[in-house]
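Trainee: Could you pick one part of this model and take me through it closely? Please explain the terms as we go, since I'm new to this.

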There are 4 protein chains.
Amino acid sequence: MALTAEQQQEIEVARDGTAATRRPTVPALEALLFQAIPVLDHGFVRVVDYMGDDAAIVQAARVSYGRGTRAANEDRGLIRYLMRHRHSTPFEMCEIKFHVKLPIFVARQWIRHRTANVNEYSARYSILDREFYIPAPEHLAAQSAVNRQGRGNVLEGAEATRVLRLLQEDATRNYDHYLEMLNEDEAGRKLDETRSGLARELARMNLTLNTYTQWYWKTDLHNLFHFLSLRADPHAQYEIRAYADAMMGMVEAWVPNAAAAFRDYRLGAVTFSAQMLAVLRRMLTGEAVAQESSGLSKREWRELMEALGRAG
Amino acid sequence: MALTAEQQQEIEVARDGTAATRRPTVPALEALLFQAIPVLDHGFVRVVDYMGDDAAIVQAARVSYGRGTRAANEDRGLIRYLMRHRHSTPFEMCEIKFHVKLPIFVARQWIRHRTANVNEYSARYSILDREFYIPAPEHLAAQSAVNRQGRGNVLEGAEATRVLRLLQEDATRNYDHYLEMLNEDEAGRKLDETRSGLARELARMNLTLNTYTQWYWKTDLHNLFHFLSLRADPHAQYEIRAYADAMMGMVEAWVPNAAAAFRDYRLGAVTFSAQMLAVLRRMLTGEAVAQESSGLSKREWRELMEALGRAG
Amino acid sequence: MALTAEQQQEIEVARDGTAATRRPTVPALEALLFQAIPVLDHGFVRVVDYMGDDAAIVQAARVSYGRGTRAANEDRGLIRYLMRHRHSTPFEMCEIKFHVKLPIFVARQWIRHRTANVNEYSARYSILDREFYIPAPEHLAAQSAVNRQGRGNVLEGAEATRVLRLLQEDATRNYDHYLEMLNEDEAGRKLDETRSGLARELARMNLTLNTYTQWYWKTDLHNLFHFLSLRADPHAQYEIRAYADAMMGMVEAWVPNAAAAFRDYRLGAVTFSAQMLAVLRRMLTGEAVAQESSGLSKREWRELMEALGRAG
Amino acid sequence: MALTAEQQQEIEVARDGTAATRRPTVPALEALLFQAIPVLDHGFVRVVDYMGDDAAIVQAARVSYGRGTRAANEDRGLIRYLMRHRHSTPFEMCEIKFHVKLPIFVARQWIRHRTANVNEYSARYSILDREFYIPAPEHLAAQSAVNRQGRGNVLEGAEATRVLRLLQEDATRNYDHYLEMLNEDEAGRKLDETRSGLARELARMNLTLNTYTQWYWKTDLHNLFHFLSLRADPHAQYEIRAYADAMMGMVEAWVPNAAAAFRDYRLGAVTFSAQMLAVLRRMLTGEAVAQESSGLSKREWRELMEALGRAG
């Protein structure tokens, strides 16, 4: 399991305590607070703190766009307007902090989102846990033949068995050698009194990229939506999408109006270029436009047809 | 007064409401929450939301620096260690949101701190209030003769009277003309049915830089400390320092250990260059070092003497 | 004129000097380098340095997306692909530095773009020039009656004359009083030996928001495109759009492929929400959809009709 | 060797070409441009582009601090003043772009510096090279017994031999299995026509953290100095310090005045807390202060004695 007994107990103690606050408070998110949602085989994500709610977005927008917005819009409509027109600063007024356990190769993708605050567990000072990500058989995808960045079919039979065995064996052996080089067990107890043990900051280099790490990750709602728009997308690698999907559920508990606007205007939206728009207008007059007569490249034509739900 | 009756009532309603939360909560800051602390003649600053506390800094540091820190340090010592060694990321785990009313020329200095979230009242959409900053007589400083960036003595007599009158008259006249050009009163009611009125986004250009604006400003504790280290400093312009001083009091209520460490290791600290350190070592052996024999420029020598509390 | 004779001469000296470099160099931008393009009545914008070119974007994309991109795409197509799919990091590899002279109320909008480096002329240390923005008669717009954020018709006749006179008189009077309070002339010479003069950091508060300031502003191409997408947009205030339009011309000289892709996929593009897409698909089957049967709000329906070039 | 023959030839072609530019140009850095400086066993760092020079810092400072600075300071003195007083924005006017080849565990430390632009070679799309960092025997440090974050003595004899063999064998085996799972050789040629091959984005998880990656990394001089102040420091891990030291040499060729000021006022400087300053003042009067009578904690006392070059 992802959480140690000690961690699980800390979470329960934290969940038991409540205090009175004058701050904006969201009961639906309070109900989830501190609870670890399992992701992948040993990972998790949990909300450990938050600031603001749907009303805080509205409050910030109203100071920016003036008194008049009060009469003209109810809150939900104003939030949808802000999302549609990419008025992003009011969404920055909400902040959330997650505790995440994730494989190192996922952490390397994740950290590319720079506008966030991070404290990662340091293998320079501490010993990492003996936990590696091994894909479930249904996620053991082949390289896509048509698309360098996507996955193809799932591996099967002997090839799948061989891959799973290699991943398991190599990660385990490298971890065992990591401890041997450290001359320590997982709890930091010395193994052999006659040896010095390699420095932790060096020994960690023997670990594989599917080893789990963990961190606190804090960001504002605007930047979280940007993260989710890239990572909850079907083109994202499955392993990071699994985290994004879990986080999306938490965002829906936290700021339901903003989350719904995000689904409609960002996740489910499509941007058409000036050329695509011109094609679209011709099609709406009843003209039968083909790629050759469209002025679009083949790739753009394919993207347009996909967006319109056509075979192309 | 800085706050309208309507705003004052909203604050009281907000202060009356409390909710139960599982989040870290700081009673001393809760006691101050939403209350406007007056700054300058018509300005204020108030905390409208916060996330985290001293313990959140410690929690983040421990995930980064490992289990070992638990035994070795109690919380206060760990926070002081982090501050002393500029390990800044754990302080980023705390977040605070202020509502501020301030003159535009102060807002222009403030906004240079880029790592913050801001929603400012927009004179493009709304009519600004008839409020201008007029310095109190004791802050009516002359230009310093020795230091281009500092203030000299306080103006007195006829010169002071004249300055105060000019500031008051020019701001008032320009505001009156602003409304006239808008063809609106302060509440947005049309003045003269036969005129169109200039666009708000244009009319505002007639206002003076001491006109008040307001914004929500949200930042993390690390960046707030950076702001305070520059703006609560004696070299900062008095008008922004007045805000920084008020905010420092709020930080002390919020994160007392971090605030004390900040006072000791940042606000009250001095950095010595390699050359200054060499001079210091010579002085500590009993050698009588003078500027000429120090290897320091006159300006650096003066800075060193000041730091050591000597006449120079 | 916006530039002093001294500045104009410095520019000519700078333009005369050339050096040999191994860096990527863009002759079309070199031809413009240092030259001030006039904007508004006393402002200008000029490029004072740059780094990278279209090829630098391609080079960065190829290290990220691998060797395969070399065969599959020629440069122009790759840049268009990156722009269409918002792969923004390769555009961050190009950097540009502008010197801009602009009214303070424009500077206040501009500075909200935080991901840039800025050094502004400081009225705390120096005396500002006697230059104010006064709109040309054709830009003297009335407040829009239908849209709080837009401009309406142009003011005419007596109202226009009155507005122009007020703007001119108030700015001039306030500037004269600024110098009087400083007890200095524009060149910093003392006026009256018997007076101290108010500190510069205080006297500036008497200036109006149409006074000109200047700064160096440096940003990367991705963030510049974000700036231009908001500020070269018809919804932007005319006064900042005038700067954005001038800068767009410089970007076209600098990175012609990226600039063309930006025009097609950002400036001229439209984003349709999930609901709009559903309506579009129904329309393409030949169904006559009206707002009432569309599931869209009136405002969204109007936005959709506009994008499709229909009356609505 | 770190560079392939193909890369080496590209570098030579790039170095052969020169163009005329009006931009600030630094001959000493031009002489180094594109050349790869070897770091560790297979890594390198090279400058591929730059913007600005010492004079650009001065130019930006003068627009900020006004005309007066022209007379009062020559350039070198002004740069030293800016560095001493942490006026950081003028240093942001210079920009530099590096191409770096580095082990993944070093890249993970490096990326924590968020204010930079990065394009990394992606193992999602491309096959990584068969290159791993194996420490030289003199860098095979034991864990420090006194300081969790430092290294102790160098491992020797059988323990050293064993560690080097494990690192080499595990990295090699895992890389071989990586290719086997991919069903590709290093050049991307299919190995076995009967197998699909695992997706690249998955197979990479089997690699060890000492595998080399590469990236373009671009930042401004202020943020580069911040990076160097942390990573060229004796407390930094040796492997990242090796890169920082190589980069420091390039900075010295690029902006000699700024680099010297950085050495004096940042790398070689020490910050004393309010309490340390008080102790220092007592010592300068001749008082013999001991830790017990100092008011400092033992750790702070030790830090003070170290800074003063005393045994403590």
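Mentor: Two residues count as being in contact if their C-beta atoms, placed from the backbone, lie within 7 Å. Keep in mind that this is a predicted model, where local features need pLDDT of at least 70, side-chain atom pairs count only at pLDDT 80 or more, and totals for chains, interfaces and linings use all residues. Residues are numbered from 1 along each chain as its sequence is written, while chains are lettered from A and ligands numbered from 1 in the order in which they are written.

Let's start where chain A and chain B meet. Chain B puts 43 residues into the contact, and chain A puts in 43 residues. On the side of chain B that touches chain A, the elements giving two or more residues include helix 1 (5-16), strand 1 (19-21), helix 3 (54-65) and strand 8 (212-220) of chain B. (Helices, H or I with at least four residues, and strands, E with at least two, are DSSP runs numbered from the N terminus.) Strand 8 of chain B supplies the largest share of that side, five residues. Sorted by class, the side of chain B that touches chain A holds 17 nonpolar, 14 polar and 12 charged residues; here Ala, Val, Leu, Ile, Met, Phe, Trp, Tyr, Cys and Pro are nonpolar, Asp, Glu, Lys and Arg charged, and the others, Gly among them, polar.

Now find strand 1 (residues 19-21) of chain A: three bridges join this strand to strand 1 of chain B, and the two run antiparallel. Two strands pair if DSSP finds at least two bridges between them. A:Ala20 has B:Ala20 as its bridge partner.

Next, swing over to chain D, where five strands make an open sheet in the order 2-3-4-8-5, with antiparallel pairing. Strand 2 and strand 5 (117-120) of chain D sit at the edges with a single partner strand each, so one side of each has no neighbour in the sheet. From one strand to the next, the twist averages 25 degrees; axes are lines fitted to C-alpha atoms (for helices, over the stretch in contact), and angles run from 0 to 180 degrees between N-to-C directions.

Let's walk across that sheet. Strand 2 (residues 37-39) of chain D pairs with strand 3 of chain D in the antiparallel sense over three bridges, and D:Val39 has D:Gly43 as its bridge partner. These two strands form a hairpin with three residues between them, and D:Leu40 in the turn has a positive phi of about 55 degrees. Strand 3 (residues 43-51) of chain D is mostly covered, with nine of its nine residues buried (20 or more other C-beta atoms, placed from the backbone, within 10 Å of a residue's own make it buried, 12 or fewer exposed, anything between partly exposed). Seven bridges pair strand 3 of chain D with strand 4 (residues 95-103) of chain D, again antiparallel, and D:Val45 stands opposite D:Val100 there.

At the other edge, strand 5 of chain D runs antiparallel to strand 8 (residues 212-220) of chain D, joined by four bridges. D:Asn117 faces D:Lys218 in strand 8 of chain D. Helix 9 (residues 221-231) of chain D then packs on the sheet, touching strand 4 and strand 8 of chain D, and its direction makes about 130 degrees with that of strand 8 of chain D.
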